[in-house]
Amino acid sequence: MPLRGFDEEVRKFAFEQYAVAGLTMHTGHTPVEVRKQPNGLLTCVVADKDGHQTEITDNDQVMMATGRSPKVGGLGLEEVGVQLGEKGEVVVDEYSQTSVPSIWAVGDVTDRINLTPVALMEGMALAKTIALGQRTKPD
């Protein structure tokens, strides 16, 4: 279902409303290719988790919401002792501190709730914690 990180009732309602509006959701699939058909409509090729591909033809439009994943490769985090989670996310405590006391992380890289307003709030809490010495949890 779409909108990972949101309240389950909100997710369910949004999913239902997409259907009412005539949108077809293909959850659990990864986009592979979009190509224009001779008639101007679009064909979208998607793959399921096992790699099996399906062509979805005759689309006016295609929208892909693929989610986000932390991109920390090449930063040397593991070499300095920062703990990474199973999906490559930076593991932090409730104050956004990593396993290395001088390294902090907020936003999508922590894979908590990947929404811009949440990242802004996490950043403000971190600023209070570090700059003002007021240990503040994101709320």
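Here is a quick tour of this protein chain, from its overall layout down to a few individual residues.

Keep in mind that this is a predicted model. The chain has 2 helices and 3 strands, and going along the sequence they come in the order α-β-β-β-α. A compact globule of 139 residues would have a radius of gyration near 14 Å, whereas this chain comes out at 20 Å. A few whole-chain values are handy to have side by side:

| Whole-chain property | Value |
|---|---|
| Box filled by the C-alpha atoms, along the principal axes | roughly 60 × 35 × 25 Å |
| Residues that count as buried, of 139 | 25% |
| Share of contacts (separation of 6 or more) made by residues 24 or more positions apart | 17% |

Now for helix α1, residues 8–20. Its 13 residues should span 18 Å at 1.5 Å a residue, and the end C-alpha atoms are indeed 18 Å apart, so the two values agree. At the start of α1, D7 gets a side-chain oxygen to within 2.9 Å of the backbone nitrogen of E9. After the helix comes G22, which has a positive phi, near 90°.

What about the aromatic rings? The structure has 0 aromatic pairs. Y95 does have a partner of another kind, though: R135 lies over the face of its ring, 3.9 Å from the ring centre.

Last, have a look at G133, in the segment after α2 (116–131). Is G133 buried or exposed? Its relative accessible area is 57%, and exposed means over 50%, so G133 is exposed. G133 sits 61 residues from V72 in sequence, and their C-alpha atoms are 27 Å apart in space.

Note on methods
Residues numbered from 1 in each chain as written. Predicted model: local features only at pLDDT ≥ 70, side-chain atom pairs only at ≥ 80, totals over all residues. Heavy atoms only, no water. Helix = DSSP H or I, 4+ residues; strand = E, 2+ residues; numbered from the N terminus. Expected span 1.5 Å × (residues − 1). Polar contact = N/O pair within 3.5 Å; in protein donor to acceptor, adjacent residues only side chain to side chain. Phe/Tyr/Trp six-rings, centres within 6.5 Å; stacked < 30°, edge-to-face > 60°. Lys NZ or Arg CZ within 6 Å of the ring centre and 35° of its normal. Buried < 20%, exposed > 50% of the residue type's maximum accessible area, 1.4 Å probe, protein only. Rg over C-alpha atoms; globule rule 2.2 N^0.38 Å. Contact = heavy atoms within 4.5 Å.
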